[in-house]
Amino acid sequence: MSITIRSNATKVGASFRRLARKFPGTVDFATRELGLEAQMLFEKTTATWTHQPTFTNQRTRQGYTVGTDDRIYGFVDRGTRAHEIRPRRAGGILRFTGPYHAKTKPNVIASYRGGRGRVAVWARRVQHPGTEPRNFSKIIRERVQRQAPNKLRAALRAVTASEGFGI
């Protein structure tokens, strides 16, 4: 009398190889989703602006880079120092309206109606107090980084479950 002991190592090895081939694409997919989320948040900050900056979502070696090279957005995001405003033409006079209501708020990922007011003001020069930084980039980066572990974990769980493994 004899018994035969068989191993399913070949089948298990094949499953692990399939799983290993799927991991890079799964991680890339989850990272791309995070990039799209960041891009959506950036666009939310300018939803009511007349000037619409273009936000890019580019693949890099480390993942995805989301942002803009728009100067105006940079002034709003990082803020500006106090500065003097003079007319561009010699002997000119500045004309602007007030009171001004900003379309964005510091540390808030949103865009509001805002407005420039209806009272006309004329001056030869004005001392602008500067603008407080809105910190959009910093807040969006922190939000996306907080979501990253859970999003990657969920994607890896889904792909391992599809191959019959669980993590």
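The legends below describe close-up views of a predicted model.

**View 1. Helix α1 along its length, with the bend at Phe23.** Helix α1 covers residues 9-44 and contains 36 residues, and from its first C-alpha to its last it reaches 52 Å, close to the 52 Å expected at 1.5 Å a residue. At Phe23 the helix bends by about 30 degrees, and a proline, Pro24, follows within four residues. The buried residues of α1 include Gly13, Ser15, Leu19 and Thr26, and also among them are Ala30, Leu34, Gly35, Ala38, Gln39, Leu41 and Phe42. Their cover includes the strands β1 (56-59) and β2 (64-67) as well as the helices α2 (71-78) and α3 (136-162).

**View 2. Helix α3 and its kink at Ala148.** Helix α3 has 27 residues and reaches 38 Å from its first C-alpha to its last, which is close to the 39 Å expected at 1.5 Å a residue. A kink of about 35 degrees lies at Ala148, shortly before the proline Pro149. Buried residues of this helix include Phe136, Ile139, Ile140 and Val144, and Ala148, Ala155, Val159 and Thr160 are buried as well. What covers the buried residues of α3 includes α1 and α2. After α3 comes Gly164, whose phi is positive, near 90 degrees.

**View 3. Leu19 and Thr26 of helix α1 with their contacts.** Leu19 lies in helix α1 and has a relative accessible area of 7%, so this residue counts as buried. When neighbours within four places in sequence are left aside, Leu19 is in contact with Val159, Thr160, Glu163 and Phe165. Of these partners, Glu163 is 144 residues from Leu19 in sequence, although the C-alpha atoms of the two residues are 6.6 Å apart in space. Thr26, also found in helix α1, is buried because its relative accessibility is 13%, which falls under the 20% limit. With neighbours within four places in sequence again left aside, Thr26 is in contact with Ala155, Leu156 and Val159.

**View 4. The salt bridge between Asp28 and Arg59.** A search of the whole structure finds four salt bridges, and one of them joins Asp28 to Arg59, with the closest N and O atoms 3.2 Å apart. Asp28 lies in helix α1 and Arg59 in strand β1, so the pair ties together parts that are 31 residues apart in sequence. Asp28 is partly exposed, at 24% relative accessibility, whereas Arg59 is exposed, with a relative accessible area of 55%.

**View 5. The salt-bridge network of Glu84, Arg86 and Arg125.** The side chains of Glu84 and Arg86 meet in a salt bridge, at 2.7 Å from N to O. Glu84 also forms a salt bridge with Arg125, the closest N and O atoms being 3.4 Å apart. This second pair links distant parts of the chain, since Arg125 sits in the loop between β5 and β6 (126-128) and Glu84 in strand β3 (residues 83-85), 41 residues apart. Salt bridges that share partners thus join Glu84, Arg86 and Arg125 into one network. Within the network, Glu84 counts as partly exposed at 36% relative accessibility, while Arg86 is exposed at 53% and Arg125 is exposed at 52%.

**View 6. A nonpolar surface patch that includes Val121.** Phe96, Val119 and Val121 make a nonpolar surface patch of about 230 Å². Val121 is found in strand β5 (residues 119-123), and its relative accessible area of 31% makes this residue partly exposed.

Key: Residues are numbered from 1 along each chain as its sequence is written. This is a predicted model: local features need pLDDT of at least 70, side-chain atom pairs count only at pLDDT 80 or more; totals for chains, interfaces and linings use all residues. Side-chain values use heavy atoms; hydrogens and water are left out. Helices (H or I, at least four residues) and strands (E, at least two) are DSSP runs, numbered from the N terminus. The expected span of a helix is 1.5 Å times one less than its number of residues. The bend at a residue is the angle between axes fitted to the seven residues ending there and the seven starting there. Buried means under 20% relative accessible area, exposed over 50%, partly exposed in between (1.4 Å probe, protein chains only). Contact means heavy atoms within 4.5 Å. Patches are made of residues with over 30% relative accessible area and no salt bridge: like charges are joined within 9 Å, nonpolar side chains (Val, Leu, Ile, Met, Phe, Trp, Tyr) within 5 Å. Accessible areas come from the Shrake-Rupley method with a 1.4 Å probe; for residues, only the protein chains shown count as cover.
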